[in-house]
Amino acid sequence: MSSLSTATRPRVGAGFRLQWEPVQNCHVLLYPEGMVKLNGSAGEIMKRCDGERSVGAIAADIEQAHTLQGLESDVLAFVEMAGKQRWLAWN
Amino acid sequence: MSLDAPAVGPPLWLLAELTYRCPLHCVFCYNPVDFARQQDELSTDDWLRVLRQGRELGAVQLGLSGGEPLVRDDLEVIVAEARSLGYYTNLLTSGVGLTVARAAALKAAGLEHVQLSFQDSTQEMNDFLSHTKTFDLKSRVAKIIKDQDWPMVMNVVIHRMNIDHIDRIIAMAVDLGAEYLELANTQYYSWAYLNRDQLLPTHEQLRLAEETTLAWRAKLGDRMRIFFVAPDYHEGRAKKCVNGWGNMFLTVAPDGTALPCHTAKMLPGLSFPSVREHSLRDIWFDSEGFNRYRGTGWMKEPCSSCEFREQDLGGCRCQAFMLANDPAAADPVCVKSPHHGLVTDAVARAGAIAPGAVREQPLIFRNPGNSIRLGAAVPAAPSIG
């Protein structure tokens, strides 16, 4: 994976599946024999990681949806952490 | 429900033991010793109903296990339904029966992960321990799994007779391209319990194996992750068995019996409902079998006043029954258990015998003949009510 920037277009990593679970009232990340429960912010970011949208676009979209500002550095930090965990991947 | 009882969460993990039929005869198998007496398997429709009910309760991980699940010719139908319901589908297999064509069909049905079990890294030891010629086949199957782009977890059950080969086992897993390697020390239930004296490693063997594993971890970094499942007999600490009784784990046995863990059927004085007669919701929330050992209210001393009672929940009920003859006792692997001497004695016996020494007692292979013979000696659990 190349180094991360706001132009990076992350997608859910191979072997992982993102899914909304009504019973748990949160997004979860499923992988072989395991599950990560995502908090609200992580779910908002990850559900937008489709390999098409850039980190910048994802941050802007969340800002617009929740009438917030200045989320880009938070989104970048999450994507960096998620990349290390292989939850997210990019070219 | 009383106000002080914690709310019961969903059964996140559904383990579907599709069949007890298996081409292998592993001496450490945890299937019931009398498996051959339980031949009335659930139908395809039964399983599809169980899957739907499980998903409604919030189950997300589905393990398809056995026996060897590939002997069910409706496996693809079951996988397809599971995937469309939203389960993450895991196939736990010996690899026997996984042809290129079958792998492609399972992939098309939506199967997401295959866990391949190996008995050891050398053909001689592998064939001996599983009692069939399967090692070459598993190497081929590992390639089939990689070719389908499935993440591969390789599982090797570790015991006295293969623990000294752990360096080669890890090297083999790397060569075959596994993403994860699970080195699972034998848990002593069912067939493994019958063969315990031959399978328990010594403390020294275990120390060396952990040292070797640490060295490989440092060398491999992110390339392959190695899980070393510590043996509770040697640790002196009880494990939080199935992450707590009726907490997140629900097994359905081949005949439809619903269980909080795959060996719980051995416990006396408890009846477990069948999915043929009850919904998973009733079973999970309201059955006596699932409620009996939930939480900490059932505990006796030394568990009930123990500072670790929430962390290990008293350990394993089956082990307490097998070793202390009381399913509500502290798990005897715990140093605080009054029965802990039984465990240290067993480990000491293993240490007193030279590795590789010929044993007077032969290994008992898991096969239908032995199952019928030994199953007759197992008293049926009296049911209550």
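**Exercise 1. Work out how helix α6 and helix α9 of chain B pack: how do their axes cross, and which residues meet?**

Step 1: get the geometry. Helix α6 (residues 166-175) and helix α9 (residues 203-220) of chain B have axes that come within 9 Å and cross at roughly 30°. Axes here are lines fitted to C-alpha atoms, for helices over the stretch in contact, with angles from 0 to 180 degrees between N-to-C directions. The helices themselves are DSSP runs (H or I, at least four residues), strands are E runs of at least two, and both are numbered from the N terminus.

Step 2: name the arrangement. That crossing makes α6(B) roughly parallel to α9(B), given that angles under 35 degrees count as roughly parallel, over 145 as roughly antiparallel, 65 to 115 as roughly perpendicular and the rest as oblique.

Step 3: find the hand. α6(B) and α9(B) make a right-handed crossing; right-handed is when the near helix is turned clockwise from the far one by less than a right angle, left-handed when anticlockwise.

Step 4: list the residues. From α6(B), B:Ile166, B:Asp167, B:Ile170 and B:Val174 meet B:Ala209, B:Thr212, B:Thr213, B:Trp216 and B:Leu220 of α9(B). Contact means that the C-beta atoms, placed from the backbone, lie within 7 Å.

Step 5: sort them. The α6(B)-α9(B) contact divides into six nonpolar, two polar and one charged residue. Ala, Val, Leu, Ile, Met, Phe, Trp, Tyr, Cys and Pro count as nonpolar, Asp, Glu, Lys and Arg as charged, and the others, Gly among them, as polar.

A word on the ground rules: this is a predicted model, where local features need pLDDT of at least 70, side-chain atom pairs count only at pLDDT 80 or more, and totals for chains, interfaces and linings use all residues. Residues are numbered from 1 along each chain as its sequence is written, while chains are lettered from A and ligands numbered from 1 in the order in which they are written.

**Exercise 2. Do the same for α2(B) and α3(B): how do their axes cross?**

Step 1: α2(B) and helix α3 (residues 100-109) of chain B bring their axes within 8 Å, crossing at roughly 25°.

Step 2: the pair is therefore roughly parallel, and α2(B) crosses α3(B) in a right-handed way.

Step 3: α2(B) puts in B:Leu75, B:Glu76, B:Val79, B:Ala80 and B:Arg83, and α3(B) answers with B:Ala105, B:Leu106 and B:Ala109. By class, that contact between α2(B) and α3(B) has six nonpolar, no polar and two charged residues.

**Exercise 3. Which residues have the most contacts inside the largest nonpolar core?**

Step 1: set the rule. A nonpolar core is a set of buried Ala, Val, Leu, Ile, Met, Phe, Trp, Tyr and Cys residues joined through C-beta atoms within 7 Å. Buried means 20 or more other C-beta atoms within 10 Å of the residue's own, exposed 12 or fewer, and partly exposed in between, with C-beta atoms placed from the backbone.

Step 2: apply it. The largest such core has 125 residues, and B:Met152 and B:Met154 have the most contacts inside it. β5(B) gives the most to this core, with six residues.

Step 3: zoom in. Leaving out residues up to four places away in sequence, B:Met152 touches B:Val114, B:Leu116, B:Ala142, B:Ile145, B:Lys146, B:Gly177, B:Ala178 and B:Glu179.

**Exercise 4. Track down the backbone oddities: where do B:Asp149 and B:Val242 lie, and is each buried or exposed?**

Step 1: recall the norm. Most residues other than glycine have a negative phi, and most peptide bonds are trans.

Step 2: B:Asp149 has a positive phi of about 65°. B:Asp149 sits in the loop between α5 (135-147) and β5 (152-158) of chain B, and counts as exposed because 10 C-beta neighbours lie inside 10 Å.

Step 3: B:Val242 has a phi near 40°, also positive. B:Val242 is in the loop between α10 (232-235) and β8 (249-252) of chain B; with 23 other C-beta atoms within 10 Å, B:Val242 is buried.

Step 4: check the peptide bonds. B:Gly66 to B:Gly67 is cis, omega near 15°, and B:Gly67 lies in the loop between β2 (61-65) and α2 (75-85) of chain B. B:Glu301 to B:Pro302 is cis too, omega near 5°, with B:Pro302 in the loop between α12 (288-291) and α13 (309-312) of chain B.

Methods: Contact = placed C-beta atoms within 7 Å.
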